[in-house]
Each structure stands twice: as structure tokens, then as C-alpha cells.
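Take a look at the model below and turn it around a few times. Then let's walk through it together, one piece at a time.

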Amino acid sequence: MENFSFVNPVKIIFGKGTIKKIANEIPPGSKVLITYGGGSIKKNGVYEQVVEALKGFETYEFSGIEPNPHYETCMKAVALIKEKGIDFLLSVGGGSVLDATKFIAAAVCFEGGDPWKILSEDSPVTKALPLGDIITLPATGSEMNNGGVITRVETQDKLSFASPLTYPKFSVLDPTTTYSMPPRQIGNGVVDAFVHVMEQYLTYNEGDSLIQDNMAEAIVKTLVEEGPKALVTPEDYDVRANLMWASTWALNGWIGCGVPQDWATHMIGHEITAFYGLDHGQTLAVVLPGIMTVLKEQKGKKITRLGKNVFGIEGDNAIERTIKAVENFFESVGVKTHLGDYGLGDEAIDKVVNRLAERGWKLGECHNITADTVREILILRK
Ligand code: NZQ
Ligand code: ZN
């Protein structure tokens, strides 16, 4: 293990009926902006609970934050905040609303010109408005990390940022808010959390990180056991609670402490979304089995361990069978795993590979995934 230090300042408020507790977490006298998406919170009773909880505050609303949130939309919220003198942001929705809210919090205070530079040039965030959230879709882990991913429609760029100043002050995790999720989002969420674990676990590393590895396996076992159940019995509280907490743990920093990390599946996936609009989870389900196959020597020991400890696979061709088990698991929660399933083929491969060649990135925990390797990976996923 490498040297590491670890801080996670997010206060988690977990459980049924906890939305009302937000009033105790927001400084009295705050002017609060409620940010949300396309309206799911108005159909599942979450919006009413938020309005009730915020009765003692001056509140404003900003809606219409889209999945894979747009920079252009975020900048409209920035203008509203400046106009009204808003000083606290409350994100109510999935990872997209929360990522957008983190970016808005930083962009409002940014003094270095166009806030896009936070994404395109890694310009440091030196100040941000405080924010809290009610997360209604378990997937991204954004509720307990400091990162966000924003898309600029104009240039088809989907880029990420992170700052110690964009951790939520608090996150409300009420599993009952997830009962209304469409099946497609249940599948996407399970795949996303699964792949977050893989990005931190499925590397060349072994031996000195048993705490992280065993914890990682506990998270993926939970996803494998509970994910399919959520599709069958959507209002099972225990299943939803387990999925919610598993997704949060998959990307709150703990399992990544001191270990090499990959993130190539995500970086390739973001380009596919930027060009073709696939859901984040769909891109990951396509790419991960390809990465596992092309890098099976480098990652072989961990793939074998994953097979044995999570899928009960041992013996001949354990690596290949484990890769197939991962693919089958994604399909079992309704997420398709081939480019062709989404109407994409050679043209899309060329476009993604060319973009990655332009970026000049060398991805993966060994920085050995070049644009040419990405072509090899995507050809396997046609
Ligand atoms: O917009 P509304 O109407 O709220 O509907 C949303 C949206 O259409 C709906 N939804 C959310 N909660 C619901 C619900 N519908 C019914 N009932 C509920 N309880 O679901 C749709 C998708 O929502 P979205 O927020 O886009 O999904 P998700 O949470 O998967 O977020 C995906 C975004 O997060 C980024 C992705 O790249 C993508 O942009 N990621 C963020 C990360 C982070 N901050 O750490 C890490 C991830 O790897 C990921 O990249
Ligand atoms: Zn993800």
C-alpha cells in the first residue's frame, strides 16, 4: 500500500422519514436554492417533504437539470444565485442533480474567468457555496464524495472535477425515495456502483490491501445479491437500504485508500455518453468486460479472486468464466453489454478512439491503455 491520508467530512442521515431533518442542518437565516431535475421528485412525494421541511427558510427553486448535467444549464443557476443572493444549495434528486449542484457551488464563487476551466484546465476551486443533498437514486456515490461530472453540449465534452470544498455538508439517504425509480435506472445504478468498486479493486495489486479488498467484495456481493431483487420487489425497504448504502460505499473513498486505481472504464464511457447520449451505467456495462479481457494478464490475480469470492467460480478457465459472469450479471439487471445493443458500431468506435487519441491519455492503473488499446477493447464489445 502507498502512503495515504483519508478525510470524509460528509454527515450521512440515513433512514425512512429523514428528509425532515434537513432543517437542523442548514444554517438559520440561509437563502436556500432547491435544485432538481425533470420532475421525478414531484411525482414521488419527495418535493412536498422538502417544502415542508424548509418552511422556516427563504427558498428558491431551479429545476430542469438533465441527466449527464449540462454546463450551459448550470450557468443559468449561477446567474439566479447571484441575482437573489442565495447562500445555501440543496440538491434533490439523482447523481446528475448533485454533480450539477457541486459545480454550481464552485462556479458561483470562481474568480478565474470562465468556470468551465474548473473542468477543462483543472483550475483549482478556492471557494464554494455550502451544499447539502437528498439523494434519490443510488448509483454514483456523489452523496459522499467531492466529485462531479459535467457535459458541455457545445463541444461534446464530458469532464470531471473534484475539490475538498465541494463535499456535501450532509446527505439524506432515505431508501423509500428510491421506490419510484424506473427499472432502467435501477439497473444503471447497480452497474455504476459495481464498476466503481472494480475501478479500485480490479488492478494488478494484491497482498497488502486485504482490508480494502474484503470491503470491496462485501460491496459487490451486496449488489449481486440485492440488485436483481429491486427489479422484482421495488418496495422492499431492506433491499433498497442495502443497495443505497452499497452505492455510497462504492465511491466514498474508503476502498480506494492507498491502492492503485484504474478508472479507464469510466473515461472511455464518458466519451461514449458525450457523443451518443448513452446512460452512464450503459457505457460501463459495455466497456468493463472488454477491459477485463484485454488486460486479463495484468489483472488476472484479482479477476480470479473476484470469481472465487463473489461468483463462486474456480477451476479451468476461471478468468474467462468470471468475465462472462460479470457480463451476465449486468444483463440480469437489464443493462445491455454490447455497442450493437445501442445501435453503435465501427463509426462510433472510430469517433471515441480518435477523441482519446486527441486527448493523449494513457489510461488504467499502469497507464498502458492508449487509444489503440481502446480500439481493441471496443472491437470486442461490438
Ligand atoms: O430528472 P428527474 O426527473 O429527477 O429524473 C431522474 C433522471 O431522469 C430519474 N430519477 C432519479 N431519482 C429517481 C428518478 N426517477 C424516479 N424516482 C427516483 N427516485 O433518473 C434519471 C437519471 O438520473 P441521474 O441523476 O442522471 O442518474 P445517476 O444518479 O445515475 O447520475 C448519473 C450522472 O452521475 C455521473 C455520471 O457521469 C452521470 O452524469 N457520475 C458521478 C459520479 C460522482 N459524482 O462521483 C461518479 C460516477 O461515476 C458518475 O460518473
Ligand atoms: Zn460511475
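## A metal site and its surroundings

His280 has a relative accessibility of 17%, so this residue counts as buried, the cut-off being under 20%. Before we go further, keep in mind that you're looking at a predicted model.

What does His280 do in this model? Its NE2 atom is one of the atoms that coordinate the zinc ion (ligand 2). The other donors to this zinc ion are Asp192 through OD, His196 through NE2 and His266 through NE2, and the distances run from 1.9 to 2.2 Å. Written as a sequence pattern, the spacing of the donor residues is D-x3-H-x69-H-x13-H. The end of that pattern links distant parts of the chain: His266 sits in helix 9 (residues 264-276), while His280 belongs to helix 10 (residues 280-294), 14 residues apart.

Is His266 buried or exposed? With a relative accessibility of 5%, His266 counts as buried.

Now pick out His196, which you'll find in helix 6 (residues 183-201). His196 counts as buried too, because its relative accessibility is 3%. Which residues does His196 touch, once its neighbours within four places in sequence are set aside? The list is Ala139, Thr140, Ala250, Leu251, Trp263, His266 and His280. Two names there, His266 and His280, are also zinc donors. Thr140 is worth a closer look: along the chain it is 56 residues from His196, yet the two C-alpha atoms are separated by 8.2 Å. The side chain of His196 also makes a polar contact of 2.7 Å with the side chain of Asp192.

## Two domains and where they meet

Zoom out now. How is the chain divided into domains? The assignment gives domain 1 as residues 11-177 and domain 2 as residues 183-380. Measuring from centre to centre over C-alpha atoms, you get 26 Å between domain 1 and domain 2. The contact draws on 25 residues from domain 1 and 24 residues from domain 2.

How much area do domain 1 and domain 2 bury between them? It comes to about 2100 Å², with 62% of that on carbon and sulfur atoms. There is charge and polarity at this interface as well: two salt bridges cross it, along with seven residue pairs in polar contact. On the domain 1 side, strand 1 (11-14) and strand 7 (157-162) each supply at least two residues that face domain 2. Strand 7 gives the most to that side, with three residues.

Asp157 lies within strand 7, and its side chain meets that of Arg355 in a salt bridge. Asp157 also turns up among the contacts of Thr151, a residue in strand 6 (residues 147-152). Thr151 counts as buried because its relative accessibility is 10%. Leaving out residues up to four places away in sequence, Thr151 touches Asn68, Pro69, His70, Tyr71, Glu72, Asp157 and Lys158.

## Salt bridges across the model

How many salt bridges does a search of the whole structure find? The total is 22. Here are some of them, with the N to O distance for each.

| Salt bridge | N to O distance |
|---|---|
| Asp157 and Arg355 | 3.4 Å |
| Glu154 and Arg152 | 3.2 Å |
| Lys296 and Glu320 | 2.9 Å |
| Lys324 and Glu327 | 3.0 Å |

Let's go through a few of these pairs. Glu154 is exposed, with a relative accessible area of 62%, whereas its partner Arg152 counts as buried at 15%.

In the pair formed by Lys296 and Glu320, Lys296 is found in the loop between helix 10 and helix 11 (300-311), and Glu320 is in helix 12 (residues 318-332), so this salt bridge ties together parts that are 24 residues apart in sequence. Both ends are partly exposed: Lys296 at 30% relative accessibility and Glu320 at 35%.

Helix 12 also holds both Lys324 and Glu327, which are three residues apart, or about one turn of the helix. Lys324 is partly exposed, with a relative accessible area of 43%, but Glu327 is buried at 9%.

Finally, some salt bridges share partners. Asp157, Glu271, Arg355 and Arg359 are joined into one network that way.

Methods
Residues are numbered from 1 along each chain as its sequence is written. Chains are lettered from A and ligands numbered from 1 in the order in which they are written. This is a predicted model: local features need pLDDT of at least 70, side-chain atom pairs count only at pLDDT 80 or more; totals for chains, interfaces and linings use all residues. Side-chain values use heavy atoms; hydrogens and water are left out. Donors are N, O and S atoms within 2.8 Å of the metal (3.2 Å for Na, K and Ca); water is not among the atoms, so sites may look incomplete. Helices (H or I, at least four residues) and strands (E, at least two) are DSSP runs, numbered from the N terminus. Buried means under 20% relative accessible area, exposed over 50%, partly exposed in between (1.4 Å probe, protein chains only). Domain bounds come from an automatic or database domain assignment. Contact means heavy atoms within 4.5 Å. Buried area is the accessible area (1.4 Å probe) that two parts lose on being put together, summed over both. A salt bridge is a side-chain nitrogen of Lys or Arg within 4 Å of a carboxyl oxygen of Asp or Glu. A polar contact is a pair of N or O atoms within 3.5 Å; within protein, one must be able to donate a hydrogen and the other to accept it, and residues adjacent in sequence count only if both atoms are side-chain atoms.
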